[in-house]
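Take a moment with the sequence and the model shown here. Then read on with both in view.

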Amino acid sequence: MPALSPTMTQGNIAKWRKKEGDKIAVGDILCEIETDKATLEFESLEEGFLAKILVPEGSKDVPVGQPIAVTVSQTTIKFQLLYCYLLLLCGGHRNVYFQYYWILNMKVAFIDRK
């Protein structure tokens with residue numbers, strides 16, 4: 001939860017404007033956060049994808065500093081795919097297959113949402 005004012009200690013997630021898998025750009029509104037004084041928009045500071053929402057819409061009293069979402073860059077996804085592929089070539093552990101499959105599914109979800 002970002003501190004949207006100097007005195008903010010907690011906030012509520014009023015509404016998510018982006019969904020998991022959505023492409024985000026700098027300045028895109030990710031969600032609306034209610035404080036004790038106002039409802040403010042939280043903007044993305046980087047471009048990439050909204051990979052996972054950790055705090056659902058309607059959550060109350062989320063402390064400042066608690067992660068509310070995970071974002072990833074296109075570069076991150078490419079490096080993860082390459083890393084998993086190299087592990088598979090080198091006889092990696094079976095968990096690598098699941099990680100590789102999960103990353104591929106996430107990438108397909110991104111492509112489908114464009």
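The paragraphs below go from the sheet to the core, then to the pocket and two single residues. Keep in mind that this is a predicted model.

Start with the sheet. It is open and holds 4 strands, in the order β4-β3-β1-β6. The pairing is antiparallel. Which strands lie at the edges? They are β4 and β6, and each of them pairs on one side only. β6 covers residues 62-63.

Now walk across the sheet, pair by pair. Begin with β4 and β3, which pair in the antiparallel sense over 5 bridges. One contact point to look for is Cys-31, whose bridge partner in β4 is Phe-42. A hairpin joins β3 to β4, and 4 residues make the connection. Next come β1 and β3, antiparallel again, with 4 bridges. Here Ile-13 has Ile-33 of β3 as its bridge partner. Last is the pair of β1, residues 10-16, and β6. These two strands run antiparallel and share 2 bridges. Find Gln-10, and you will find its bridge partner Pro-63 in β6.

Side chains deserve a look too. In a regular strand they alternate between the two faces of the sheet. How many residues of β3 are buried? The count is 5 of 6, so the strand is mostly covered, given that buried means under 20% relative accessible area.

One of the residues of β3 is Glu-32. Is Glu-32 buried or exposed? Glu-32 counts as buried because its relative accessible area is 18%, and the limit for buried is under 20%. Look at what surrounds this residue. Beyond its neighbours up to four places away in sequence, Glu-32 touches Asn-12, Ile-13, Ala-14, Lys-15, Arg-17, Thr-39 and Leu-40.

Next, the core. In soluble globular proteins, nonpolar side chains tend to be buried together. The largest nonpolar core of this model has 14 residues. Those that touch the most other members are Met-1, Ile-13, Trp-16, Cys-31, Ile-33, Phe-42 and Ile-68. Two or more residues come from each of β1, β3 (29-34) and β5 (48-53). Which element gives the most? It is β3, with 3 residues.

Met-1 is worth a stop. Leaving aside neighbours within four places in sequence, Met-1 is in contact with a list of residues that includes Met-8, Gly-11, Asn-12, Ile-13 and Ile-33. Val-62, Pro-63, Val-64, Gly-65, Gln-66, Pro-67 and Ile-68 are also among its contacts.

Now turn to the largest pocket. Its volume is about 230 Å³. Of the 17 residues that line this pocket, Leu-30, Phe-42, Leu-45, Ala-69 and Thr-71 are the closest to its centre. What kinds of residues make up the lining? There are 12 nonpolar, 3 polar and 2 charged residues. β4 (39-43) and β7 (69-72) each supply at least two of the lining residues. β7 gives the most, with 3. Phe-42 appears here as one of the residues closest to the pocket's centre, and it is also listed among the core members with the most contacts to other members.

Finish with a backbone detail. Most residues other than glycine have a negative phi. Asp-61 has a positive phi of about 50°, although it is not a glycine. Where is Asp-61? This residue sits in the loop between β5 and β6. Asp-61 is partly exposed, with a relative accessible area of 48%.

Definitions and conventions:
Residues numbered from 1 in each chain as written. Predicted model: local features only at pLDDT ≥ 70, side-chain atom pairs only at ≥ 80, totals over all residues. Heavy atoms only, no water. 1 Å grid on protein atoms, 1.4 Å probe; cavity = no way out; pocket = protein on both sides within 12 Å on 5 of 7 lines; lining within 4 Å. Points joined across faces, edges and corners; volume = space filled by probe spheres on them. Nonpolar A, V, L, I, M, F, W, Y, C, P; charged D, E, K, R; others polar. Pairing = 2+ DSSP bridges. Core = buried A, V, L, I, M, F, W, Y, C linked by side-chain atoms within 4.5 Å. Buried < 20%, exposed > 50% of the residue type's maximum accessible area, 1.4 Å probe, protein only. Contact = heavy atoms within 4.5 Å.
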